[in-house]
Amino acid sequence: MNAHSSFRMLADHGWGRLEIDLGALRANYRALAARAAPARVAAVVKADAYGLGAERVSAALYAEGCRDFFVAHFVEALRLRPLLSLDARLYVLNGLQPGDEDVALERDIVPVLNSLEQVEQWNFTASRTGRQLAAALQVDSGMSRLGLSADELKTLVARPSLTAAIRITHVMSHLAEADEPEAPANAAQLSAFAAARAAFPQAIASFANSGGIFLGPDYHQDLARPGIALYGGVACRNQPEEIRPVVRLSIPVIQTRSVPAGTRIGYGGRHVAPGPMRIATLAAGYADGLPRHLSGCGAVYFEGQRLPILGSVSMDSMTVDVSAIEPGRITLGTPVEVIGPHQTLEMLAEAAGTIAYEILTRLGQRYARDYIQGETAA
Ligand SMILES: *Cc1c(COP(=O)(O)O)cnc(C)c1O
């Protein structure tokens with residue numbers, strides 16, 4: 001049974017279908033790599049590659065030449081490391097927590113050192129094992145989230161013993177407003193980063209996230225770290241069209257009914273039918289990552305026609321208005337579009353009052369997942 005027919009079976013059993021286009025993912029990587037060249041491009045695969053599956057995503061990007069992968073948590077690195085090729089480098093953005101040093105060393109996981117304490121810990125581990133260990137050093141250039149402050153960096157530079165046993169292979173920082181190309185904070189962060197980077201001229205400089213790549217060549221440095229644009233999200237205002245959608249989500253209808261005027265629909269009776277309506281219940285709700293904020297304001301699509309969500313989104317289902325669709329066209333099992341050509345990820349996120357990052361990372365494991373190769377089958 002091929003993937004498609006097995007999906008049909010699952011769809012008939014009332015599951016939503018999440019389609020992840022690895023061909024589009026690869027095309028996005030190539031587009032970002034072309035834009036960032038001669039800088040190299042890593043992949044941020046934290047949070048299970050923004051919910052799309054770190055193993056599949058990393059393998060597809062490795063095939064495009066990506067060799068640098070960033071996760072957020074140490075446990076994410078532990079899971080991903082055995083699935084990556086030996087020549088792939090894996091970095092932990094949230095840094096090295098006390099006690100993780102030996103496992104990091106053993107598993108060839110590169111910590112991002114975010115504080116003087118973490119530098120000391122890693123340096124101590126290196127001197128104890130007699131091996132010169134690689135590390136990425138993160139500096140805070142204006143986001144006040146992770147990384148050494150300018151003062152801490154001065155201390156580090158003034159005391160070479162702090163890094164005597166380790167090799168700072170990368171110096172990195174992260175942009176807070178790269179989605180706003182006009183924000184003055186971008187240039188301010190760039191110059192703060194340049195000052196920090198000058199202290200480690202041999203290291204690879206890594207600065208740009210997806211939005212940073214679109215800010216222009218000054219921001220590319222040596223190694224860019226996109227996440228969201230790989231996954232088809234919009235990383236900044238006026239993003240070039242070269243970034244393609246990667247995700248489609250469709251949900252089957254599990255019940256239809258016609259109701260008279262005055263019918264209360266869903267929890268709390270938050271929607272009352274203003275006239276006779278035909279409605280359909282769909283097999284996904286907030287436990288499937290469709291925010292409850294879509295209650296009464298979001299929509300799904302059927303053949304380009306907008307089907308408004310009526311009343312509250314439930315945990316495992318929600319109800320939509322299908323009055324505009326010819327009777328009999330939407331029946332049990334009919335898939336409707338939640339994310340696709342008529343409703344982009346951004347449109348859905350906006351309707352829910354959130355961002356594409358949050359929608360993607362919350363889609364979860366409940367859908368039948370279909371990895372397709374799109375146009376660029378290898
Ligand atoms: C998440 C993250 C990225 C990727 O950001 P996108 O906006 O998704 O491209 C890059 N660097 C760091 C430090 C991050 O935390």
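Strand 15 (residues 299-302) and strand 16 (residues 305-310) pair in the antiparallel sense, joined by 4 bridges. The model in which this pairing appears is a predicted one. Within the pair, Tyr301 has Arg306 of strand 16 as its bridge partner. The two strands form a hairpin with 2 residues between them, and Glu303 in that turn has a positive phi of about 45 degrees.

**Antiparallel pairings around strands 14, 16 and 17**

From strand 16 the pairing continues to strand 17 (residues 318-321), again in the antiparallel sense, over 2 bridges. Here Ile309 is matched with Val320 of strand 17 as its bridge partner. Strand 17 also pairs with strand 14, in the antiparallel sense and over 4 bridges. In that pairing Val320 of strand 17 is the bridge partner of Ala280. Val320 is thus a bridge partner of Ile309 and of Ala280.

Strand 14 also pairs with strand 11 in the antiparallel sense, through 6 bridges. Gln255 stands opposite Thr281 of strand 14 in this arrangement. Strand 14 (residues 277-282) has 5 of its 6 residues buried, so it is largely enclosed by the rest of the structure. In a regular strand, side chains alternate between the two faces of the sheet.

The antiparallel pairings described above, together with one parallel pairing treated below, are collected here.

| Strand pair | Sense | Bridges |
|---|---|---|
| Strand 15 and strand 16 | antiparallel | 4 bridges |
| Strand 16 and strand 17 | antiparallel | 2 bridges |
| Strand 14 and strand 17 | antiparallel | 4 bridges |
| Strand 11 and strand 14 | antiparallel | 6 bridges |
| Strand 3 and strand 4 | parallel | 2 bridges |

**The parallel sheet**

An open sheet is formed by 7 strands in the order 3-4-5-6-7-8-9, with parallel pairing. Strand 3 (43-44) and strand 9 (204-206) stand at its edges; each has a single partner strand, so one side of each is left without a neighbour in the sheet. At the strand 3 edge, 2 bridges connect strand 3 to strand 4 (residues 68-71), and the two run parallel. Val44 has Phe70 of strand 4 as its bridge partner.

**Packing of helix 2 and helix 4**

Helix 2 (residues 22-36) packs against helix 4 (residues 54-63) at an angle of about 50 degrees, and the axes lie 9 Å apart. Helix 2 is therefore oblique to helix 4. The crossing of helix 2 past helix 4 is right-handed. On the side of helix 2 the contact is made by Leu22, Leu25, Arg26 and Tyr29, and on the side of helix 4 by Arg56, Val57, Ala60, Leu61 and Ala63. By class, this contact comprises 7 nonpolar and 2 charged residues, with no polar ones.

**Backbone features in loops**

Several loop residues have notable backbone geometry. The peptide bond from Ala37 to Pro38 is cis, with omega near 5 degrees. Pro38 lies in the loop between helix 2 and strand 2 (40-41).

Asp108, a residue other than glycine, has a positive phi near 60 degrees. Asp108 is placed in the loop between helix 6 (101-107) and strand 6 (110-113). With a relative accessibility of 46%, Asp108 counts as partly exposed, because that class lies between the limits of 20% and 50%.

Asn238 is not a glycine either, and its phi is positive at about 60 degrees. The loop that holds Asn238 runs between strand 10 (223-224) and strand 11 (247-259). At 70% relative accessibility, Asn238 counts as exposed, since the cut-off for that class is over 50%.

**Overall dimensions and composition**

The protein has 12 helices and 19 strands. Along its principal axes, the C-alpha trace spans about 80 × 50 × 35 Å. Of its 378 residues, 53% count as buried. Among contacts with a separation of 6 or more, 65% are between residues 24 or more positions apart.

One long-range distance may be set beside these values. The C-alpha atoms of Glu120 and Ile279 are separated by 62 Å, and the two residues are 159 residues apart along the chain. Glu120 belongs to helix 7 (residues 116-129). Glu120 is partly exposed, with a relative accessible area of 40%.

Terms used: Residues numbered from 1 in each chain as written. Heavy atoms only, no water. Axes fitted to C-alpha atoms, helices over the stretch in contact; angles between N-to-C directions. Parallel < 35°, antiparallel > 145°, perpendicular 65-115°, else oblique. Left-handed = near helix turned anticlockwise from the far one by under 90°. Contact = heavy atoms within 4.5 Å. Nonpolar A, V, L, I, M, F, W, Y, C, P; charged D, E, K, R; others polar. Buried < 20%, exposed > 50% of the residue type's maximum accessible area, 1.4 Å probe, protein only. Pairing = 2+ DSSP bridges.
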